[in-house]
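User: Please take a close look at a single buried position in this model and at what surrounds it. I would like one connected account.

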Amino acid sequence: MRIHKRPWHVFVVSLLAIWMSVWGTACAFTRPVLYDVTVAPAEITPNADGDNDVTVITYHIGKTALVTITFERTDGESAGERYVWRENALRSPGRYEGWFSGVVNDRMIPNGTYRVIIEATPVDRDGRPTGDTVRAEASLVIRDADTQMPEILNLDVSPRVFTPNRDGIDDRVTISYWLAKDVDRLEVYLLGPDGETYPVPEDKIHEPKAAGPHIHDYDGGVDLGAEPPPDGEYTVVVEAQDRVGNRVVATDTLRIEQGGVPRVAITRHDVIFNTDAVVLGETIFFTTTVTNIGNVPVRTHGPEPGTIYTTRENYNNKNEPISDGSFRLGLDFEGNLTHNGRAYPFRWQLGRDDELYIDPITGEKYLMPGQTVTVWGGLTILDLPPREEPAFWIGLIHENVEVVENRIGNTYIRISAPITETESQTP
């Protein structure tokens with residue numbers, strides 16, 4: 001049997017490989033906590049012109065450590081002023097880069113010369129120190145920095161109590177302020193007691209992020225049929241940040257009450273007219289019921305049910321003009337040409353005064369959630385319409401907002417002139 005012997009140099013290479021492996025492992029365990037620290041470039045001009053706006057702070061961590069990076073002013077009257085950029089940030093072994101634009105805690109630090117101090121304290125898995133803090137330093141010059149803050153001046157919220165329910169009273173909030181400079185990012189929102197945020201639409205009048213006046217019109221979303229934020233106390237927050245990272249926040253307060261989307265319905269679309277034929281001088285009567293099917297009170301106003309109009313009158317003759325946001329029931333008919341095309345010229349309050357809630361301060365009247373009322377009224381025909389048998393109908397009107405239910409109970413009623421004594425005689 002023949003025995004193959006390995007050449008001597010094979011054993012030497014193997015031993016060398018084992019030695020290098022052990023040596024490399026030992027070196028890994030003896031690496032310093034912090035090493036290879038660089039700050040480049042050493043001078044920056046953070047003014048958002050795209051040239052030398054940032055510096056890159058590079059460092060290596062050899063053991064798990066808590067890292068703190070501080071900028072200490074070394075020149076001028078402010079020498080010794082310190083700005084902590086990172087504080088006790090947990091870092092595992094590896095290489096790290098930090099892109100620094102001169103902003104610490106949302107504010108550009110002043111122009112000047114700085115000592116960049118990086119400190120690393122080794123810790124165990126529970127964050128407890130396992131050795132001494134290691135420190136490295138470098139130098140950084142900041143010049144031509146944009147240090148002007150994007151101030152938010154004279155923030156105002158009006159009214160302070162907001163009732164977003166489309167009743168025409170305090171349905172909108174105006175949030176106004178002045179920006180001291182152009183900004184790169186602007187946010188306006190409500191912050192609720194539970195931490196939930198509700199965005200406010202941007203300024204529709206002025207350039208949204210430009211320096212100068214700004215006005216936000218906020219309705220809580222109810223104009224689009226959305227539910228507003230829940231009733232409660234809110235903080236109005238305006239945040240502005242410029243191109244270099246200067247950031248400011250201004251706040252004010254707002255209370256929301258009686259918020260919700262108003263919902264009213266003619267019950268089952270059921271409308272009853274008392275006749276299908278009248279002669280001039282007679283009165284057409286209708287009866288229906290209306291229910292507040294929503295969760296907020298709805299405002300209404302007169303005249304009360306039971307009021308009788310003539311075809312030569314309208315709600316203005318009853319001293320009850322349109323009131324924006326109020327709900328009323330209206331009557332109209334085909335060929336109604338005596339009111340300059342005004343829709344539903346004959347209108348009634350949703351319920352009698354003694355059925356409604358009347359605000360003791362404002363005197364406004366409200367149909368409460370879940371409440372059903374009967375509405376009836378009459379129209380005395382004094383003029384012949386263009387058609388002999390026009391259709392009559394009822395509508396539920398949210399004044400100067402929308403016709404919630406249109407042409408309900410469409411009924412054709414014959415209208416004729418009274419028969420005179422001569423006409424009644426037959427040959």
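Analyst: Contact here means heavy atoms within 4.5 Å. The model is a predicted one.

The position chosen is T288, which lies in strand 21, residues 283-292. Leaving aside neighbours within four places in sequence, T288 is in contact with I266, D270, V271, L329, V373, T374 and V375. One of these, D270, also takes part in a polar contact: the side chain of T288 reaches the backbone oxygen of D270 at 2.7 Å. T288 has a relative accessible area of 2%, and because buried means under 20%, T288 counts as buried.

L329, one of the residues in contact with T288, leads to the nonpolar packing. The largest nonpolar core has 30 residues, and L329 is named with F273 and F392 as touching the most other members. The elements that give two or more residues to this core are strand 19 (264-273), strand 21, strand 24, strand 25, strand 28 and strand 29. Strand 21 is the strand that holds T288. Apart from this core lies another, of 28 residues, including V33, L34, I57 and V244. In soluble globular proteins, nonpolar side chains tend to be buried together.

Some of the strands that feed the largest core also border loops joined by a charged pair. E334 and R387 form a salt bridge, with the closest N and O atoms 3.1 Å apart. E334 sits in the loop between strand 24 (327-333) and strand 25 (346-348), and R387 in the loop between strand 28 (372-380) and strand 29 (391-398), so the pair ties together parts that are 53 residues apart in sequence. The two partners fall in separate accessibility classes: E334, at 19% relative accessibility, counts as buried, while R387, at 43%, is partly exposed.

For the wider setting, the whole structure contains 35 salt bridges. Among them is the pair D75 and R73, whose side chains meet at 2.4 Å, N to O. D75 is partly exposed, with a relative accessible area of 27%, whereas R73 is buried at 12%. Another pair is D126 and R128, with the closest N and O atoms 3.1 Å apart; D126 is exposed, at 59% relative accessible area. Salt bridges also link E72, R82, R115, R135 and E137 in a network.

To return to the chosen position: T288 is buried, and its side chain reaches the backbone oxygen of D270.

Methods:
Residues are numbered from 1 along each chain as its sequence is written. This is a predicted model: local features need pLDDT of at least 70, side-chain atom pairs count only at pLDDT 80 or more; totals for chains, interfaces and linings use all residues. Side-chain values use heavy atoms; hydrogens and water are left out. Helices (H or I, at least four residues) and strands (E, at least two) are DSSP runs, numbered from the N terminus. Buried means under 20% relative accessible area, exposed over 50%, partly exposed in between (1.4 Å probe, protein chains only). A polar contact is a pair of N or O atoms within 3.5 Å; within protein, one must be able to donate a hydrogen and the other to accept it, and residues adjacent in sequence count only if both atoms are side-chain atoms. A salt bridge is a side-chain nitrogen of Lys or Arg within 4 Å of a carboxyl oxygen of Asp or Glu. A nonpolar core is a set of buried Ala, Val, Leu, Ile, Met, Phe, Trp, Tyr and Cys residues joined through side-chain atoms within 4.5 Å.
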